[in-house]
Structure formats: structure tokens, C-alpha cells
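Colleague: Please take me through one part of this model slowly. I would like a close look at the pockets.

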Amino acid sequence: MLSLLFWCSSITIVAQKFDKLAITPPMGWNSWNKFGCDVNEGVIRETADAMVASGMKDAGYQYIVIDDCWHGARDNLGFIQPDATRFPSGVKALADYVHAKGLKFGIYSDAGAKTCGGRPGSRGREYQDAFTYAQWGVDYLKYDWCNTEGLSAQGAYTTMRDALFATGRPIVFSLCEWGNNKPWEWGGTVGHLWRTTGDIFNCFDCVKDHGAWKSWGVLQILDMQKDLRNHAGPDHWNDPDMMEVGNGMSENEDRAHFSLWAMLAAPLMAGNDLRKMGRQTRGILINKEVIAVNQDQLGIQGFKYSTRENVEIWLKPLSGGDWAVCFLNRGTKPQRIEIDWNAELIKDDFSKQELNARRSPYEIRDLWRDKRGTTKEPYEVTVPAHDVVMLRLRDINAPRG
Ligand code: GLA
């Protein structure tokens, strides 16, 4: 009896998430936004090839994640199998292929009995599925929330967290319950990132009504991030959903979308067809200075500082006393704005960082247009419609590393 008690309590003690797998926001690609259920091993292999060839891997992208619909049926013992027509070589071979490219491999399941696409979910099979994923060499699990009536979100996600941990394999755990049960309040000890909203829709400023549910444009999702930043940080990120860059918005809108996700310290999961992307899309996705804002080691989510007509000013404190500044024009006409840095004294209560150009001037670098300046002069710029101007401010007198 005593030994049983000891066994039970030691299980409780070891149940935890695998720490330090997402010290900066995860970067990668996910199949859903572009391919939906039309996934197969050829697409995944070619995407891994393209991630390397396009320079995305060098820019920091790492994970190749297959979303819904890779599944076949469970075998006689209940082990999940891939769809044999779409994945004839099996998942292990695919994971090996991705690993051989120096990338990491991710997969998708659901806390309910079925996924959103009607494939087998993990409910009641959490340990068996986690074991299977670990054997396949999975590095990242996105875990969805369809068909979960009657389940507690915190409970269901904690069960899968424990199952993943029990495998001994480090697997990033991505919670996808759309913000319904405020995962930012409890997700930090359960997973590495959690969706804060319903699904993104491929538009800049619109709402798509599907009847029983809605999906959201970039600006709509941005607005839903209000008041969430205090919950995010290294190894526990707010996830405003995967990106639609390269899926049909204008270049300005794609640039704004990418910049805002960088400001939000959001996971950067590309959602376009990497095999066919053009120069403009690639140029946006691999802008190293914008990525550096996203991946900054302090891991502080940015915030909206002020609004002037249609232009919002977003700020993100960075390591070394730097700041990222993003002027977002939500309107459909270009807007000129002017800012006198010496008239602004910005204190961020959450991070305790201060932007004070009077104390010491900053050097300004425009991250999309390769221009420089300093905060000694008032700054004037025209922000095109549905676009951003994004800057990095560096204290001129700060010691250089
Ligand atoms: C939900 C998720 C999406 C995607 C689909 C797959 O809608 O929020 O990101 O995974 O399911 O069916």
C-alpha cells in the first residue's frame, strides 16, 4: 500500500510539460491554411525541400507540421495509422526525411473523439498516441478542440501534456482551443503556445461567417490580442494563428501581417505553398531584421501605444534597451504621420522598459526600406494603405555586444 502511494505521488511529481522547447516563438510551416485536407507525403517532402532552398531554414524556420487529415484508421490494437493512399511510405519515413534536411517534424491531433476534419481524435487514446508520435520521431504536436463536448479544456490538455512527457521525447505542445477557455490563464504550465482566437481567414480586414462559426481577418485577430500580453513569454506564447502571407493578400497587407505577428511575439508558422512562392512573398518571410524582433530573447509581446486617425503605433521592448516601433495604417488611404521622439516618454509597466529619447538618443533603422536616421529629428513618414512602417530604435550610447 505504501509503495503504491509512493508510486502515485511520484507520478504527480514528474507530470509536467517538457521545458525550454520554445524559448523564442516557434517558427515553421503548417499545411492547413493552403492545403486543408488535401495533404500527402509528396507535398510535405517538397515543402521541406523548399524550406531549405528558399533560405527560410537559414532565416530560422524549423518545423514542418502536417495539420488535419493525415490520419487513416486505428489498427486492431488501436494504434493510429496514416492514410495509406496519401502517406504510403508511413509517417516515420517522412519524419526521417524532414530530419535529414536539418528540420523538425510536427503532427496534429484533437482532444475529442474526432478531429475537426472527422478523422480519429485522441480522446481516451492519449498515451497510446503520444507513444506512437514519439516512435515516429515527432517534435511538435498541434492539439485541436473539435468534438470535445463535456470535456474540461485544462484537464484534456493536461492529460496530453502528461502523455507527451511520459514518452521522454521533447515535443513542443501547441494548444489549439481557440481561446474559448482562456488558455492564457492556465496554458503556461501545460503547453508552449496556445491559440487565442478562432481561425484566421485569408483577408486583411473582414469576417467570414460560416454559419455555426466565424473566421477572422488579420486586423480582427490583432484586436483580439488586447490584454493578453502579460500572459506570454519565453516557452509560453500567445498564438494568434498561422500566417496567410503569400496566400493572396496584397504585398502591403502581407508585409503588415508579418510585421504585426513579429511585434506580437507570435509563433511564425508560414501557411503558404513554399514550393511556388514568388520573390515578394519570400522577401517578406525571410526579412531577418523583422524576424529578429519576433525572436528577441526578452520574449516580450508588443502593445498598442496610441492611435492617430487610422494609424496605430505598436511598440515592442527588445533586449539591450532597443525598441521595435510599428506604424500600422488600417485605412484604405495612405496616411502621413509625424512623431517627435523627444516629446514622448514611454514606460512599459509590464516589462519595466523605458523609451526615453531625451535621456539618450536612438539610432533609427527602417526594417523594410533600409533607411536610417536618429531620434534627434522629428520623424515623418507616409504609411501606405493597409501597410506598415517598421523601425528598430537602438540607444546610441548603449554598449555594443
Ligand atoms: C481547426 C483549427 C485549424 C485547423 C482545422 C483542421 O479549425 O483551428 O487551425 O487545424 O481545425 O481541421
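Modeller: What follows is a walk from the whole chain to its pockets, and then to one helix.

This is a predicted model. Start with the whole chain. The protein chain has 12 helices and 22 strands. Its radius of gyration is 22 Å, close to the 21 Å that the globule rule gives for 401 residues, so the chain is as compact as a globular protein of that length. Along the principal axes, the C-alpha atoms fill a box of roughly 70 × 55 × 45 Å. Buried residues account for 55% of the 401 residues. Now take contacts between residues at least 6 apart in sequence: 68% of them join residues at least 24 apart.

Next, the empty space. Rolling a probe the size of a water molecule over the atoms shows where such space is left. The largest pocket has a volume of about 690 Å³. Its lining is made of 30 residues. Nearest its centre lie Trp32, Gly198, Asp199, Trp213 and Ser215. Three elements, α2 (32-35), β6 (140-144) and β10 (214-216), each give two or more residues to this lining. Strand β10 gives the most, with three residues. By class, the lining of the largest pocket holds 12 nonpolar, nine polar and nine charged residues.

The second largest pocket has a volume of about 240 Å³. Here 14 residues form the lining. Gln225, Lys226, Asp227, Lys304 and Trp314 lie nearest the centre of this pocket. Two elements give two or more residues to its lining: α9 (218-223) and β13 (303-308). Its lining divides into five nonpolar, four polar and five charged residues.

Now go back to β6. This strand helps line the largest pocket, and the buried residues of helix α7 pack against it. Other packing partners of those buried residues are α6 (126-136), β7 (172-175) and α8 (183-186). Which residues of α7 are buried? They are Ala153, Ala156, Tyr157, Thr158, Met160, Arg161, Asp162, Ala163 and Leu164. The list includes the charged residues Arg161 and Asp162.

Check the length of this helix too. α7 covers residues 153-167, which makes 15 residues. At 1.5 Å a residue, the helix should span 21 Å. Its end C-alpha atoms are 22 Å apart, which agrees. After α7 comes glycine 168. The phi of this glycine is positive, near 80 degrees.

Terms used: Residues are numbered from 1 along each chain as its sequence is written. This is a predicted model: local features need pLDDT of at least 70, side-chain atom pairs count only at pLDDT 80 or more; totals for chains, interfaces and linings use all residues. Side-chain values use heavy atoms; hydrogens and water are left out. On a 1 Å grid over the protein atoms alone, a cavity is a set of points where a 1.4 Å probe fits but cannot get out, and a pocket is an open set with protein on both sides within 12 Å along at least five of seven lines; lining residues have an atom within 4 Å of a point. Grid points are joined across faces, edges and corners, and a volume is the space filled by probe spheres set on the points. Helices (H or I, at least four residues) and strands (E, at least two) are DSSP runs, numbered from the N terminus. The expected span of a helix is 1.5 Å times one less than its number of residues. Buried means under 20% relative accessible area, exposed over 50%, partly exposed in between (1.4 Å probe, protein chains only). Contact means heavy atoms within 4.5 Å. The radius of gyration is taken over C-alpha atoms; the globule rule is 2.2 Å times the number of residues to the power 0.38.
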